[in-house]
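Visitor: I would like a close look at one part of this model, the strands and their turns. Please then carry on into what surrounds them.

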Amino acid sequence: MTEGLDVVVKDRVCWITLDRPKKLNSLTPEMMHGLRKVFTDIDDDPEVCVAVLQGAGEKGFCAGMDLDWSESLTKADRIEQGRLGEKTFAMMERLSIPVFAAVRGYAVGGGLELALAADFIVCADNAKMGLVEITLSARPPHQPKFMDGKEDPDQPEVGGSAPGWGGLKRLPARVGMARAKEMLFTGVTLDAQRALQIGLVNDVFPTDEFDEKVAALAERIGAMNRYNLRLVKELVTAGYDWIEPHPS
């Protein structure tokens, strides 16, 4: 098993847990490669009808890239980490079975980009979500406090920097162009109710009922015929109509 990932298949549901709660489940290269293997395995597993992506602990779904990983990157490495994240999240988006993200606590930066690659998102009422990358190079007081006035390592000497793991295309598709632009220009972090209001998430569950509600949703989807789930997802994603079903 990949360090930082916990994967359990039970009753037709694959539970994929980002398991680094002390680091707010931030992503490492090993976790990225581990996720790619999981996605390949479950897409070919006839016993898996739905996947749930979640984070361990109460405080965070995922805080994006692990800071130790980020600080170790050379200029060439930064190009490759962007490609690794985009390829990994695209694999999840292309899964033939449904996958949804269950967000509790923070889903920011690359963490929200990961959630956006799922078919839909549900969250707890303590969720905080945003693509906050632009604030790293902002002027105080809009720069995050942990930056302490330092320069953003991802800001090039010439040119710009932007989220690079697919959020720039998936966020507008989820919430609309204007709302996506506002989020991206300001780097704002939304609370659960605002995220629900603009369509970023499908539902908000009370924190003390979150696990139960998520399990019930996964169980309901998992009870459906796998072939039908796969067909419906393909048709909806591609924008097709199922005009002439095959006679049995």
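Guide: What follows starts at the hairpin and moves on to the sheet, a helix, the cysteines, a proline pair and a pocket. Bear in mind that this is a predicted model.

Start with strand β1, residues 5–10, and strand β2, residues 13–18. The two run antiparallel and are joined by six bridges. At the turn end, Lys 10 stands opposite Val 13 of β2. β1 and β2 form a hairpin, with two residues between them.

Take those turn residues one at a time. Asp 11 lies in the loop between β1 and β2. Its phi is near 55°, a positive value in a residue that is not glycine. Asp 11 has a relative accessible area of 63%, so it is exposed. Arg 12 is found in the loop between β1 and β2 as well. Arg 12 is not a glycine either, yet its phi is positive, at about 75°. Arg 12 counts as partly exposed because its relative accessibility is 34%.

Now the open sheet. Four strands form it, in the order β4-β6-β8-β9, and the pairing is mixed. β4 (60–62) and β9 (190–191) stand at the edges. Each has a single partner strand, so one side of each lacks a neighbour in the sheet. Inside that order, β6 (residues 106–108) pairs with β8 (residues 128–130) in the parallel sense, over three bridges. One pair to pick out is Ala 107, whose bridge partner in β8 is Met 129. As a general point, strands of a sheet pair through backbone hydrogen bonds, either parallel or antiparallel.

Next comes helix α1, residues 29–43. It has 15 residues and reaches 21 Å from first C-alpha to last. That is close to the 21 Å expected at 1.5 Å a residue. Its buried residues are Met 31, Met 32, Gly 34, Leu 35, Val 38, Phe 39 and Ile 42. Seen down the axis of α1, these buried residues fall within an arc of 160°, so they line one face of the helix.

Then the cysteines. A disulfide needs two cysteine sulfur atoms within 2.5 Å. By this rule the count is zero. Cys 14 shows why: the closest cysteine sulfur, in Cys 49, is 12 Å from its own, too far for a bond. Cys 62 is in no disulfide, and its nearest cysteine sulfur, that of Cys 123, is 16 Å away. Cys 14 counts as buried because its relative accessibility is 0%. Cys 62 is buried at 0% too.

Move to the proline pair. The peptide bond from Pro 140 to Pro 141 is cis, with omega near 10°. Pro 141 sits in the loop between β8 and α5 (167–175).

Finish at the largest pocket. About 1,400 Å³ of space lies in it. It is lined by 50 residues, and the closest to its centre are Leu 67, Glu 133, Leu 136, Phe 146 and Asp 154. The elements that give two or more residues to this lining are α2 (67–72), α3 (75–93), β6 and α4 (110–116). α3 gives the most, with five residues. Strand β6 thus links two parts of this tour: it pairs with β8, and it is among the elements that give two or more residues to the pocket lining.

How values were computed
Residues numbered from 1 in each chain as written. Predicted model: local features only at pLDDT ≥ 70, side-chain atom pairs only at ≥ 80, totals over all residues. Heavy atoms only, no water. Buried < 20%, exposed > 50% of the residue type's maximum accessible area, 1.4 Å probe, protein only. Pairing = 2+ DSSP bridges. Expected span 1.5 Å × (residues − 1). Arc of directions from axis to C-beta. 1 Å grid on protein atoms, 1.4 Å probe; cavity = no way out; pocket = protein on both sides within 12 Å on 5 of 7 lines; lining within 4 Å. Points joined across faces, edges and corners; volume = space filled by probe spheres on them.
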